[in-house]
Amino acid sequence: MNLDTREPVTDPLNVLETAALLRELTAGLIAVADFDEALARLVRVARDAIPGVDSCGFTALRAGEPAGVAASDAGRAELDDLRHSPDTPALAAIRRREMITAADLDRESRWPAWTGRARGLGVRGVISAPVDVDEQVIGAINLYAEPADALTPRHQLTAMLLAEHAGLLLAAVRDRERQAAQAGQLDAALLEEGVIGQAVGVIMTQRGCPAPEALAVLRSAAASLDIPLREVAERLVSTVSRPRES
């Protein structure tokens, strides 16, 4: 990434602020299993934690196609949305694989249509940093400032570190999302399977609970007894099917 080093960027306060930002971001995303929710948290944390940044957005591409946006401020979401115009600093950052900066949009000529919309929404400065998520999803995190020349080399360093850290966290979110989807498919298959489905039905009747909770109870019993899920289901169904002694 291109980093302007004309002024020092190792201010101890800036380092502490960036470390606090990364800690807060980790805490906010570490257990999230929904990618859209993770993006929404990411842009809110970045806006609130980085001094001088008035709003933050994320532009996502999946398999090379626009795959949605997240914006800390809904009124500026169009600045991150490639459907309005593909000629944006975010797409430039993604394509060039480097950080893109514009300190004063009044002096900017690279993205005329986008710049006009940004200025109309009160934005005068932008930093877009590319974010590598996984083999399918890439994106850019976009930091916006209302005053011109408010985004300094310190903000560029923060954006670079934020993009690297966010990429790792978002990749983990994508993994959890895939695992949850696979688990859901497995659960659906188990519920359709004869004796396990019957056992789940028994637990639902006994406890008045939904199928996923009943399946979790069955799994917990199998783990506690250290026997296969099917065997636990067979025992339960056999027990409730056994004629009661007079």
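## A walk through the fold, starting at a bend in the backbone

Let's begin at one small spot: just after helix α3, R97 takes a positive phi of about 55°. Keep in mind that what you're looking at is a predicted model.

Now step back into α3 itself, which covers residues 89-96. Is this helix largely enclosed or not? Count its buried residues, meaning those with under 20% relative accessible area. They are P89, A90, L91, A92, A93 and I94. That's six of the eight residues in α3, so the helix is largely enclosed by the rest of the structure. And what does the covering? Among the elements that lie over the buried residues of α3 are the strands β1, β3 (100-102), β4 and β5, along with helix α4 (112-120).

Let's follow one of those strands, β5, which spans residues 137-145. This strand is mostly covered too, with eight of its nine residues buried. Which strands pair with β5? One partner is β1 (residues 55-62), which runs antiparallel to β5 and is joined to it by eight bridges. To find this pairing on your screen, look for T59, which stands opposite A140 in β5. Another partner is β4 (residues 125-132), again antiparallel and again with eight bridges to β5. Here you can look for S128, whose bridge partner in β5 is N142. β4 and β5 also form a hairpin, with four residues between them.

Time to zoom out. The protein has eight helices and five strands. Read from the N terminus, their order is α-α-β-β-α-β-α-β-β-α-α-α-α, so you can see that the list closes with a run of helices.

Two helices to pick out next are α6 (residues 194-207) and α7 (residues 211-225), which pack at an angle of about 110° with their axes 9 Å apart. That angle makes α6 roughly perpendicular to α7. Where do they touch? On the α6 side you'll find I196, A199, V200, I203, M204 and R207, and these meet A211, A214, L215, V217 and L218 of α7. By type, the residues of this contact divide into 10 nonpolar, no polar and one charged. A general point helps when you look at spacings like these: an α-helix has 3.6 residues a turn, so residues three or four places apart point the same way.

Finally, the whole protein. Of its 246 residues, 44% are buried. Among contacts between residues at least 6 apart in sequence, 61% join residues at least 24 apart. The protein exposes about 12,600 Å², and carbon and sulfur atoms supply 52% of that area.

Note on methods. Residues are numbered from 1 along each chain as its sequence is written. This is a predicted model: local features need pLDDT of at least 70, side-chain atom pairs count only at pLDDT 80 or more; totals for chains, interfaces and linings use all residues. Side-chain values use heavy atoms; hydrogens and water are left out. Buried means under 20% relative accessible area, exposed over 50%, partly exposed in between (1.4 Å probe, protein chains only). Two strands pair if DSSP finds at least two bridges between them. Contact means heavy atoms within 4.5 Å. Accessible areas come from the Shrake-Rupley method with a 1.4 Å probe; for residues, only the protein chains shown count as cover. Axes are lines fitted to C-alpha atoms, for helices over the stretch in contact, and angles run from 0 to 180 degrees between N-to-C directions. Angles under 35 degrees count as roughly parallel, over 145 as roughly antiparallel, 65 to 115 as roughly perpendicular and the rest as oblique. Ala, Val, Leu, Ile, Met, Phe, Trp, Tyr, Cys and Pro count as nonpolar, Asp, Glu, Lys and Arg as charged, and the others, Gly among them, as polar.
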